Amino acid sequence: MTHVFNFSAGPAVLPREVLVEAAAEMLDWHGSGMSVMEMSHRGPEFMAIMAAAQRDLRELMAVPDNYQILFLQGGGLAENAIVPMNLLGRKPQPAVVDFIHTGSWTGKSIKEAGKYAQVNVAASAKASGFDHVPARADWTLSPDAAYVHICTNETIDGVEYSAAPDIAAQTNGAPLVADVSSHILSRHIDVSQYGVLFAGAQKNIGPAGLTIVIVRDDLLGHALPICPSAFDWKIVADNGSMYNTPPTYAIYIAGLVFQWLKRQGGVAVLEQRNIAKAALLYDYLDSSKLYFNRVEKADRSRMNIPFFLRDETLNDAFLAGAKQRHLLQLKGHKSVGGMRASLYNAMPIEGVQALISWMQEFEAAHV
Ligand SMILES: *Cc1c(COP(=O)(O)O)cnc(C)c1O
């Protein structure tokens, strides 16, 4: 089997151990004679898989008891509509939603929420090309917003919040909603600072198809009448994420990833590894004459590291050489160009070292 390092932004690399385990259990899960894909979601086997996955995620993220963990479908983008449809009912319509515009993903969220709410962009980094998180002191939040939406790791622009912003002083109890799709479980996240966290699984957890929503109890039961029942968080919570058929196989793989994370020592251990991996690559980028990253240092993402070649005519040769060395999926998102290395939990430090070796070799040949 070819050994590769896969730097895809998502769907992305998974722990090899997990894939080996899933392969071994593919035809016969724990002596049941069935593949997990073939099981009734209401049968005792799958119910056990589901309960363990929810329990392990709660433990890994230290999710407080007054929060529900929901397993849904639709991905991160669907949440851009599902969030307003669930939260706007707390206010008279048309309700206001505050956004902090830090990159491509909040851009999409703003556009979608505009179908349901009056959108206020309380701060934006657009003018400088999304190279930082606007300073908290410069946010102009609405006094009566239904909620405040942020994306704590902008997967395309490579911008990450280092902590939850404190919005209490300037809002009337508006909950903070965060799209954590691309850095969930990569670092400590203080769930109690948020009303809602949501994430598609395919970046740092498992296969596409599973969406995780972590929501505080008091925010359930305020859905707009137009909200589809299968996406009404209260209905989903009351039915233990089994109102409709959940993405069973994706939940199973996510559960194996949660167990793998626990065996590694939990999120704190992974966070230290992620700090070390990102530092290695950023230090090299900052010392290089050929490559550069344009995000302000304090706001640089540990998970998604976009970088550019000063001579863009070399891009294709760089990628072709990388591929020959089994360093895959390094091409940047089409909207920004350049390169991007995603260093999710399952990327070992050896992958980052191999990438830097190739970058050095290529730099030596071209500068
Ligand atoms: C990938 C991603 C999404 C979109 O997820 P889909 O599953 O494609 O809908 C949303 N937000 C962020 C931050 C992402 O990285």
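Me: Ala, Val, Leu, Ile, Met, Phe, Trp, Tyr, Cys and Pro count as nonpolar, Asp, Glu, Lys and Arg as charged, and the others, Gly among them, as polar. So how many polar residues are in the lining of the second largest pocket?

Reply: This is a predicted model, where local features need pLDDT of at least 70 and side-chain atom pairs pLDDT 80 or more, while totals for chains, interfaces and linings use all residues. Numbering runs from 1 along each chain as its sequence is written, and side-chain values use heavy atoms, without hydrogens or water. That lining has five nonpolar and four charged residues, and its polar count is twelve.

Me: Which helix gives the largest share of that lining?

Reply: The second largest pocket, about 290 Å³, has 21 lining residues, with L77, W105, T155, Q202 and K203 nearest its centre. (A pocket is an open set of 1 Å grid points where a 1.4 Å probe fits, with protein on both sides within 12 Å along at least five of seven lines; lining residues have an atom within 4 Å of a point.) Helix 3 (75-87) and helix 4 (104-113) each supply at least two lining residues. The largest share, four residues, comes from helix 3.

Me: What's the volume of the largest pocket?

Reply: Its lining has 13 nonpolar, five polar and four charged residues, and helix 1 gives the most, four. Volume here is the space filled by probe spheres set on the grid points. For the largest pocket, that's about 530 Å³.

Me: Which domains does the largest pocket lie between?

Reply: V13, L14, R16, A346 and P348 are the closest of its 22 lining residues to the centre. Both domains give residues to the lining, so the pocket lies between domain 1 (17-264) and domain 2 (266-366).

Conventions
Domains from an automatic or database assignment.
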